[in-house]
Amino acid sequence: MSQIHELTGLELATAVRKHEVSPSEVVDHTLERAERLDPSVGAFVTLTPGLAREQAAEAELLLRQSRSDDELPPFLGVPCPVKDLAMVAGVPFRSGSAALGDFVAPADDGVVTLLRRAGTLMIGKTNTPEFGLPPYTEPDIAPPARTPWDLSRSAGGSSGGSAAAVAAGIAPIAHGSDGGGSIRIPASACGLVGLKPTRGRVSPGPYRPEGAGLASNGVLTRDVRDTAALLDVLSLNWPGDLHVLAPPRTTFLDACEREPGRLTIGLLTSPVISPGAPVDDACLAAAVRTARLLEDLGHRVEPAPVPFEAERWDSFESIWSVLALSAPVPPEHERLLLPLTRWLRDKGRSVSGIEFASALALIQTTTREAAATWAAYDVVLSPTLAQLPAPVGSQRDDVDPAGDFARQMAFTPWTSVWNLTGWPAISLPLETAVADGVELPVGVMLGGRHGADETLLSLAAQLEAARPWRDRRPATW
């Protein structure tokens, strides 16, 4: 058998079911790698060895008692750390902020409940920027999250710690969340697969409301099938969900085994939310090369227009600032917030009730406009990011938070389009580029129609087979 950390989540689950490795051995191996590698990559804010070993013992009891593999959870014995924007009962919950102090979560968030039911082992909470607001992971309460490909560069954000953990070979899968690109951005920076599901595919319940519907829970993985199988785990509705979608034809994992058929794909290379933002040649070339590969696979590819005027994105900015303001910060702890967070919260205070309602309405109008503009396309292809992974410290600007925010927009001129519309989008590690003598991953993003998660996964699996990336690993391995 390959070493534990070389296996995908599904492969490791199979090895556990076949008794080739025990859950306790998996935990020991994972924690050893975490303790050895985390000081370099900044993946974790909290390790939970006691909880992980307790869950491993429960998994071993279940293995002994089960009469067949069909009775076992799909990811039994597989480590899956949780981003520190989700609650894990009995574990510190800080959301990347000193302002939350030593708060300990009283319950599991719904997504954590589902990951537990699937048999995963919770080895720790992963690093995230303050309240998940920027696309870099450089909080005050933990070291920066770094891409294992080049430790001088950021792992992205806001699921940067989760991406660093998976890319460094600490865990095969990790929980993430995406409100403006926060799964796809670190997936690109760390050479991983990152899917933002369709709005409503993964419920925020039972403790969190849908709110503006920008964010979705998901995962960071090394291959498409792990992502699909975990979507099968997480796409369960809780009573009272506002957005409910039809289930897949069979399973999302099955979609990876089906041919996607001949699709019409729009190639979008012009920045959407930040017109004129510089786009690195390597990022553009990655999308163009992928377009050629898609044509070789029998798909029709044609240029796609920008779906709406950039000014329409102002509605996202208004809602984003109100969301920052809604973070549960005790008034006496406001002083502990980072300048960017304080700046966004101040902007949120200036948004009136009618302005907030108008922003929500404009998002809906913009979504209709995008649907009409892109009606001819089954999928839209673009670079994930406009630039290669950024040097640590080059994006965070405590002196000029407005400039910091503007640079965030220029760095991610495509990702938040899919949060506005609520449609699914996936970043794939199809390309690499060399910068300063170091090979770096370059993500390519595919976005689909409302509810078309199966189409994206089927196409992603086809691309993975045509241009595999499994043997492409950073030096930390």
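1. Before looking at the sheet, a quick definition: two strands pair if DSSP finds at least two bridges between them. Strands here are DSSP runs (E) of at least two residues, helices are runs (H or I) of at least four, and both are numbered from the N terminus. With that in hand, you'll find three strands forming an open sheet in the order 1-3-2, with mixed pairing. Strand 1 (44-47) and strand 2 (82-83) are at the edges with a single partner strand each, so each has one side without a neighbour in the sheet.

2. A word on what you're looking at: this is a predicted model, where local features need pLDDT of at least 70 and side-chain atom pairs count only at pLDDT 80 or more, while totals for chains, interfaces and linings use all residues. Residues are numbered from 1 along each chain as its sequence is written, and side-chain values use heavy atoms, leaving out hydrogens and water.

3. Back to the sheet. Strand 1 pairs with strand 3 (residues 124-126) in the antiparallel sense, over three bridges. To see one bridge up close, find T46, whose partner in strand 3 is K125.

4. Now the record. An unreviewed UniProt entry carries the annotation "domain: Amidase" for residues 25-457; such annotations may be inferred rather than shown by experiment. That span is 35% helix and 14% strand, and its end C-alpha atoms lie 32 Å apart.

5. Next, have a look at helix 10 (residues 314-325) and helix 11 (residues 339-349). Their axes (lines fitted to C-alpha atoms over the stretch in contact, with angles from 0 to 180 degrees between N-to-C directions) come within 7 Å and cross at roughly 110 degrees. That makes helix 10 roughly perpendicular to helix 11 (the label covers 65 to 115 degrees). Contact means heavy atoms within 4.5 Å, and the residues involved include W320 of helix 10 and L344 of helix 11.

6. Helix 11 also packs against helix 13, at an angle of about 90 degrees and with the axes 9 Å apart. These two are therefore roughly perpendicular as well. On the helix 11 side, P339, L340, W343 and L344 make the contact, and P401, A402, D404, F405 and Q408 do so from helix 13.

7. Finally, the rings. The whole structure has seven aromatic pairs (ring centres of Phe, Tyr or Trp, the last by its six-membered ring, within 6.5 Å). W343 and F405 have centres 5.6 Å apart and planes at 50 degrees, so their pair is tilted (planes under 30 degrees apart are stacked, over 60 edge-to-face, the rest tilted). W343 sits in helix 11 and F405 in helix 13 (residues 401-411), 62 residues apart.

Terms used
Angles under 35 degrees count as roughly parallel, over 145 as roughly antiparallel, 65 to 115 as roughly perpendicular and the rest as oblique.
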